[in-house]
Amino acid sequence: MTPLVGRESELGFLTKRWENAMEGEGQAVLLQGEAGIGKSRLLQTLRLQLRETPHAEIVFYGSPQHQTSAFWPVIQQLHRSLRFADEKDDVARRERLRHFLGDLDLNSADVVEPLATLLGTSVDPEWNAGPADPEQVRRAVFAALSQLTSAMQRQSPVLVVVEDAHWIDPSTTEHVGQMLTDMASQRLFVLLAARPEFRAPWSNLSQMVTLQLARLSRREAEAMIRGVAPDDLPAAMVAQLVAKTDGVPLFIEELTKSVAESTSNFSFGTGIEIPATLQAALHTRLDRLAPIRQIIQVAALLGRVFDADLLIAVTQRDAAAVKRALHDLIEAELIYPRRNPHCESYQFKHALIQDAAVSTLLRNQRAQLHRQIAVALVELRADAIERSPELLAHHLQEAGDWGDALEYWQKAGVAAMARAAAREAVSHFASTIDCSKRLDDVSGGAKRMTRLHLAMVSALMQAEGFGAERLGRALDDARRAAADTASVELQCEVTLLSGVFFYATGRNRDYLTLADQQLENHADLLSPAYVSGLWANKGTAHFNRGELRLAIEALRKARDLIDRTDASRRILLGGGDQIIPTHDLLQRSLVAMGFIDEAVETTERLVQAIDRMEKPFDIAWALTVKCNLSAPLGQNDVLMQDTAKVIEISERHGYTARRASGLSLRGLARSRLGELDAGIDDVREGMVIWRGKGVVFRTLGQICGLCDLLVHAGRHEEASDLLDEADALVINTDEASFLAECIRIRGQIAACGNDLTGALGLFEKAITISQRQEARLFELRATTQLASVLARQGRAQTGETRLHAIIDAFDTKHEIVDLAAARKVLDALQR
């Protein structure tokens, strides 16, 4: 091993951090520097230095071939720890996992079963997480991994090494972030190595220190050359090597070895043929290995880490010959064996060496070898391919086998979505689409392409949010592909799925145009469920625009069509049974227009169906609809009970939107029951969660709900700032559902500040907008507060007249809190 040169201070820094970690002060360092600067060598030295110190190690290796395979480095680390390579039997593997966790006092099913799921071993069918809910399983896996790390550091200090962090997959990135969040009082040292382009999503954590590795000085470079080269290397040649290598350790080492291997250059006065770049130096060294060049080329295509049995199968050479070649490569210090007695595997000394070996192949040679690798994987790694189809898909695509590659990329995308690994799924579906484009002459290509774009849309919604620009482009691609098919249902599916993007970006008018086109052209050709979906989405868009009468008209049509549709033929809208969002928006629209009795009747019909619902997502959403009515009816105890159920289901299953709604509604109930500050905290948390989705629709409602409570608590400046944010959010959009409410609350703030004239102007404006939108509930609220201000100006009679008129406009047998508040003000005015 080449001696470590010029990194004494960095090694001392890391050693000190390790000592702090051993005392229970969790540490994290990001080693950052260009390729070949010596990050891995520094980590290796630290690990060797700590070998005599009792501790545990967790090592994650990032890999360019696996950066879209969810939890790949985590799974490989667990495989090494559990010695799975020498145990193929599923039952035996599960038993090893159970014993491993038992030694850490982690016998609970909440740890064993998620990790069994992660590792692909058998899972207890009674485990309450169940396989049908990907997001719940994913959350359970993260929780189990967190408990595993915590238990390990309780037994002994833990060094966590993340090599090539720029290549780890999104799920592993999230797991590392969880470690960093939890490590404050743990005996944990998380040490990451990455190239400069790596942007850690958790780099702003106070515990994270970034250590930039600089190039070696001239003196350090010369010392390193002397440590690698023969003793008689001329000074002139050393000087040239120093100048050429520019302080990059890997370049210094490889260039020096390249020169040392060519003894013809060692005499004074001769022309020194030194490669000008690291790539050229590596090629020179590889050229000298011509007899075994194919071995290292195939190994490079297999990956940074490769197994001997696969190498033998692909090269189709005698096993003894391959072993001799591997020995020669180890001697040349281009690869080194992995410390794994149960599986003969090797690793390239550096990714740049692997890249150099690949670059020596012609394109057709590379494609043929990828094809041979694919065959070997099918024969020797069937279980791994079943768990991670992307491993085979990559080689098939590189081989130009577009049809087979498409099949396995699609399997990989579906598998990733089943694990709720949406970011990885996006990458897989992008590769699927690329393969499909190359098969555009195949019959049925447009239908297949549409389905693939829709799969990409679903993945992007989870990975990047409903308002992401990339999602909009994917939907455009899906619409264009669907237009080339004869399937009206497929075209309708694209339109239905597009709704949330247009709501999220405040482009409701544009969506109405799309929906109208579908209804005009295809209503007679579509099933009632699809037509109902289009009307429901139209109703949502109208509601967002503040066009309540049009919203109710559309949503009633949607509801009537659903009533005539068998439950087995209903479709999903917003991820739930279409009956739920239809009743949800219809109820909201009816309440806003003051049609309380019909809203109660509509909600009761949905509530009666809750007991027949099987999916937790549907149950949580339906309960939220019930809560949305309990709130205006003032049923605060019922509201507390039902929001507790919504929050519990949502937290257990990871339904962030439903949890946001549950928190906001619970906060409202708590504030009415005398816990104003706690209620504000709940509503704020719900609003923050919802705003984290980066959407426009319903955000104004969340902000207004919080602002109402803040004004009640006398926190006027906070409320005013939030309303400013609301104004900025909806600028250049057609979102207007809570516009009147935003203005009314500004009027409240003005009235509290004794700006009565300003308050009256704002209340009048809110009333005008409410009347235009026919939002009688919002008009009632604004008029109630207007009347109070008029009374303060000595104009109680005017306030009484106007308030009386709006109260009389409500024809309902169900009392709502806003009517009760208005009548209370009216009584005060009449006294």
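Begin by selecting Ala-719, Leu-722, Leu-723, Ala-726 and Val-730, which are the buried residues of helix α34 in this predicted model. These residues lie on the same side of α34, because they cover an arc of only 100° around the axis. Now select Glu-717 and Ala-728, which are exposed on the other side of α34. To see what covers the buried residues of α34, show its surroundings, which include α32 (676–691), α33 (699–712) and α35 (739–752). If you then take the whole of α34, residues 716–730, you can check its length: its 15 residues should span 21 Å at 1.5 Å a residue, and the end C-alpha atoms are indeed 21 Å apart. Just past the helix, select Asn-732, which follows α34 and has a positive phi, near 65°.

Next, go to strand β1, residues 27–32, and pick Gln-27. Is Gln-27 buried or exposed? Its relative accessible area is 8%, and Gln-27 therefore counts as buried, the cut-off being under 20%. Once neighbours within four places in sequence are left aside, the contacts of Gln-27 are Arg-17, Asn-20, Ala-21, Met-183, Leu-188, Phe-189 and Val-190.

The tour now turns to charged side chains. The structure holds 55 salt bridges, and a few of them are worth selecting in turn.

- Select Arg-98 and Glu-95, whose side chains meet in a salt bridge with an N to O distance of 2.4 Å. Because they are three residues apart in helix α4 (residues 90–102), about one helical turn separates them. Arg-98 is partly exposed at 41% relative accessibility, and Glu-95 is partly exposed at 32%.
- Move to helix α19 (residues 402–418), where Lys-411 and Glu-407 lie four residues apart, about one turn of the helix. Their side chains meet in a salt bridge of 3.3 Å, N to O.
- Select Asp-434 and Arg-438, which form a salt bridge whose closest N and O atoms are 3.6 Å apart. Asp-434 is partly exposed at 29%, as is Arg-438 at 47%.
- Finally, select Glu-253, Glu-254, Lys-257, Arg-285, Glu-333 and Lys-349 together, since they are linked in a network of salt bridges.

To close, colour the model by confidence. The mean pLDDT of the protein is 91, and 96% of its residues reach 70 or more. Over residues 264–271, however, the pLDDT is below 50, although this stretch has eleven contacts in the model beyond near neighbours in sequence. Where pLDDT is low, the predicted coordinates should not be read in detail.

Key: Residues are numbered from 1 along each chain as its sequence is written. This is a predicted model: local features need pLDDT of at least 70, side-chain atom pairs count only at pLDDT 80 or more; totals for chains, interfaces and linings use all residues. Side-chain values use heavy atoms; hydrogens and water are left out. pLDDT is the predictor's confidence in each residue, from 0 to 100. Contact means heavy atoms within 4.5 Å. Helices (H or I, at least four residues) and strands (E, at least two) are DSSP runs, numbered from the N terminus. The expected span of a helix is 1.5 Å times one less than its number of residues. Buried means under 20% relative accessible area, exposed over 50%, partly exposed in between (1.4 Å probe, protein chains only). The arc is that of the directions from the helix axis to the C-beta atoms. A salt bridge is a side-chain nitrogen of Lys or Arg within 4 Å of a carboxyl oxygen of Asp or Glu.
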